[in-house]
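Visitor: Could you take me through how the descriptive words used for this structure are justified?

Guide: Gladly; here it is.

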Amino acid sequence: MATNTRSSRRRIAGTMVVLFAIIALFVVKLVDIQVVRADTLSAESLGNRSVEQPVYGSRGDILDTNGVVLAGTVMRYNITLSPRNAAEFDRTTAGGEVTVTVAQAAAEVGALTGKTGDSILAIISAALAEDKNSDYAFVAKAVDVDVFRAVDKLEIPWIYFEKNPSRVYPDGAVAGNLIGFVSSGGDAQAGLELGQDACLASTNGVETYEKGADGVRLPQSTVTTSQAEDGGDVVTTIDSDLNWYVQQVLAKQAQATGAAWGTVVVQEVKTGKLVAVADYPSVDPNNVGGTANPEDRGSRAFTASFEPGSTFKALTAASVLDAGLATPDSKIVAPYRYLPPNGANVNDSSGHADLNLTLTGVLIESSNTGMSKFGELLSDQQRYDYMTAFGLGRPTEVQFPAEDSGILHDWQNWDNQTKYATMFGQGLTTTALQVSSIYQAIANNGVRLPVQLVEGCRQADGTMSEVPATAGTQIVSASAARETADMLEMVYQKAWLSTKWNIPGYRVAAKTGTAQMPDGHGGYTHGYLVSVSGFAPADDPEYVVSVSLADPVKLNSSAASAPIFQEVMSQVLKKYRAVPSGAAAPALPGTW
Amino acid sequence: MSDNLARVLRPNWDNTPASVPAHDTRHIEIVATRDQRQARPRIVYALSAVAGMATIVVIQLLLSVGISQGAYEVSRLEASQVELGRTAESVTEDLVRISSPQSLAANAEALGMVSNSNPVYLRLSDGAVLGAPASASGSQGGAASLVPNALLAGVPLVTQLPQGSGQGASVGGSTADTSARTAAVTPKTAPNGIPTPATR
C-alpha cells in the first residue's frame, strides 16, 4: 500500500510538472504573439487584406469671365504591364475558350494605343533584359476613357491601369499664352497655371479598405487616412470668344506682313479688366511641343518690353495739360530738326519745312520736335513722376509670371538726349500692358485703375478669395484727360491712317507709334515695332485696344497695325453693344 | 441577553396553552427536495439560453449574409457609377471640345456663314440706322484656323458628317420622327418674303 501511494504521488508530481511546463510554454507563446509581435502581425494580416489607394483631388479650373472652361482636369489612364507575367492566356469568347498568345495580345493593345505589336513586345523584352523579375513597364501614358475601356475589354491578365489626372485645354490656343501649361507630371510651368498655382493646386488623399479573396471590398472597411482637397477655380476677366477673334485677326495680319510677333490688348476702361490679351504666335497648351520657340510659349504682352514710340506722346501731352502749362490750342513752331540748349538732337521721322502746329497738330503730325517743345515745359522730375503714376517702370498689378517691369531710369540718370527722347517714347521701355494702361487712365477721366486679369479664386463653397484691389488713382485731372482724348480724336480723324482705321458710326481716339527695336546689345536692329493704341466710343470711352506688331518686314509702318485696330475695335464695340456716338467730335485746330 | 435593560417577563395570567393541537385532518404531501426544486428551472433556463443563442447565431448569420450580399450589390453599383461617371466625363469633354470657338467658327463657315464685325444698329423708336451698313468683307481667316487647337484633330465638320448621322439622329429620336417634327415647325413664308416663325 505504501509503495502504491508513493508511485501515485510521483505520478501526480510528474503530471503537474509537465502541465506547468506546457502552460508556461503556452504563456510564453501567447505573450510573444499578443504582446511582443502584436503590431507586426496585425499589420501583416491587414496588409494581406487591405488595399491602399490614392484619392485624387482635382486641380481647379481656369475659367473665362462667362464661366467657359479654359483649363480643366480630366481623368486619363496609364496602361502598364507586368513583363514577368506576360504569357499566353485563355480568353472566354462566345465560341468557347481561345488561347491568346503574347504576340496576339500585344498586337491588340498596340492597335488600340497607336503602337505596333512589335513595339510592345520590345517593351516587354527590354524590361525583362534589365530585370528578370520586372513587374512594371509603361505601355502608354495618359490615354482617354475610350482607349482605356477598349484595352480593359481585352481582359489581358498582365495589363494594368493607373489613374493619371491630366490637364486639358478645351479651347486650345485661345488665350493659351495667358493660361500657360503644366508638365506631364502635373507641375505648373507657365502662365496663370503657374501664377495662380496656390489657388489651383489640389491635395491628394489616401483611402484604405479591406478586400475579400474575391476582390470585393469588405463592408464598413473603408478608412480615409487623409482627405483629398480640390483646388479652387481661377476666374479670369478674359472673354474666350473675343480672345479667339482677336488672335485670329492678329495672326492673319501678322502673317500677311511677315511680323516676328505681335500682341493685342483689349481693356475695359471703367474697370481696368483685360477682356482679351492676344499673342502671336499662339501656343496651344494641349500641344506645347508644337510651338518650337520657347519664347513663343509665354505672353509677350506681359513679358516683352519695347520702346513704345509715338503712342507715348499721349502721356506727355496729358502731363503738360494737367500741369496747366499748355492747352490743346497752344502754338509752337515745329522744325524738322530741333537742337535744344542742352545739346540734344531731336529729328522728325521725315524732312519737312517749319510747321506752325498746335499741341493737337503736334499729335496729328506726330512731330518729335513739336512734342519736345511742349515736353520741356515740365521739369525732368515732374515728367518722371507722371510716368511712374501712369504705371511705368514697374510690373502691372496682374503679377503675371516673368512679367517685365519695363525700363525707366531715374530722372537724375537721364542724359541730355534721353531727357528729350523720353518725351516721345524712346529711352524707356514699356510692355503692351503698360501702354494699354496709359490709355485706360486717359480714357477714364484721368483715373488709372489697377490692371486686372483675374477676378479671384473661387473655392468649392462658392466664395471668392484673392479678389484684387480695384481702387483707382487720379493721375491727371479729368479736364486734362478729356482734352487729351479730344486731341486723340483729331488724330484718328486727320492723321495719315484715317482711312485705314475708320469705324463708321463711332467716335474713336487713337494714336500710332513706330519705334526702333533694341537688339539687346545697346543698339537697334533694322526692324521696327509698329503700334496703335486707342479707345472708343470717344464720347464715353468703354474699351481700350492696344496693338503691337514687331518687325513686320513686308509693311514696316503703323499701316500694318491699323487694320488690326480697326477690326478688333469694331468687333469689341459690336460684341458689347456700345451705343454709336451721337454728337460729332469737337473740332480742334491742328495748325495756325 | 447581554444588555443591561430591566425586563419584566409577562406572566402567563390565564394559563392558556400556547398552541392548541386541534384534531384537524393532517394534510400530507411529498415535498420536493431542495435539489429537485432547483433542478427543474435549470433545464428551462438552459434550453431557453441555448435557443436564444441559436437564434442569435442564425440572425447574425442571416445578417452577415445580407450585408455581404449588400456589399456585392454596392460594389456592383459603385462599379456602374464609376463607369457612368466616365461616360459622362468623356461625353462632356467631346461637347466642350466642339463648343470651342475654333470648332464653332469652322463649322459656321462650312455652312456658308460669314462674319461681319461692322457694327450697325436699328433704333426701334424711330427706325434710325446707327452706323454705316456694309457687306461683310469675307471669311474670317478661312477654314484654316490660325488659332490652333490640338483637341480638334480628326473631328469632322458638320458638313463632312455622313448623311443620316446628323443632329436629329444623335439626339436620340428616330429619323422619321425628327423629320416630322421639323416639318411641323418650318416657318411659314409670308407674302412679303420675310419668314415668320410659328410661335404660340
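Visitor: Why is S310(A) called buried?

Guide: In this predicted model, S310(A) has 24 other C-beta atoms within 10 Å, and since the term buried applies at 20 or more, S310(A) is buried because its count satisfies that cut-off. S310(A) lies in the loop between strand 13 (305–306) and helix 11 (313–322) of chain A, and, leaving aside residues up to four places away in sequence, S310(A) touches S366(A), F424(A), G425(A), K511(A), T512(A), G513(A) and T514(A).

Visitor: What makes helix 11 of chain A roughly parallel to helix 13 of chain A?

Guide: The axes of helix 11 and helix 13 (residues 368–375) of chain A come within 10 Å and cross at roughly 30°; because angles under 35 degrees count as roughly parallel, that description follows for helix 11 and helix 13 of chain A. The crossing is left-handed, and in it K313(A), T316(A) and V320(A) of helix 11 meet M371(A), F374(A) and G375(A) of helix 13. The residues of this contact divide into three nonpolar, two polar and one charged.

Visitor: How do you know that strand 1 and strand 8 of chain A pair?

Guide: Pairing requires at least two bridges, and strand 1 and strand 8 (residues 205–210) of chain A are joined in the antiparallel sense over six bridges, so the requirement is met. One of the bridge partnerships links Q53(A) with E207(A) in strand 8 of chain A. Both strands belong to an open sheet of three strands in the order 1-8-9 of chain A, with antiparallel pairing, in which strand 1 (50–55) and strand 9 (223–226) are the edge strands, each pairing on one side only.

Terms used. Residues are numbered from 1 along each chain as its sequence is written. Chains are lettered from A and ligands numbered from 1 in the order in which they are written. This is a predicted model: local features need pLDDT of at least 70, side-chain atom pairs count only at pLDDT 80 or more; totals for chains, interfaces and linings use all residues. Helices (H or I, at least four residues) and strands (E, at least two) are DSSP runs, numbered from the N terminus. A residue is buried if 20 or more other C-beta atoms lie within 10 Å of its own, exposed if 12 or fewer, and partly exposed in between; C-beta atoms are placed from the backbone. Two residues are in contact if their C-beta atoms, placed from the backbone, lie within 7 Å. Axes are lines fitted to C-alpha atoms, for helices over the stretch in contact, and angles run from 0 to 180 degrees between N-to-C directions. Angles under 35 degrees count as roughly parallel, over 145 as roughly antiparallel, 65 to 115 as roughly perpendicular and the rest as oblique. A crossing is left-handed if the near helix is turned anticlockwise from the far one by less than a right angle, and right-handed if clockwise. Ala, Val, Leu, Ile, Met, Phe, Trp, Tyr, Cys and Pro count as nonpolar, Asp, Glu, Lys and Arg as charged, and the others, Gly among them, as polar.
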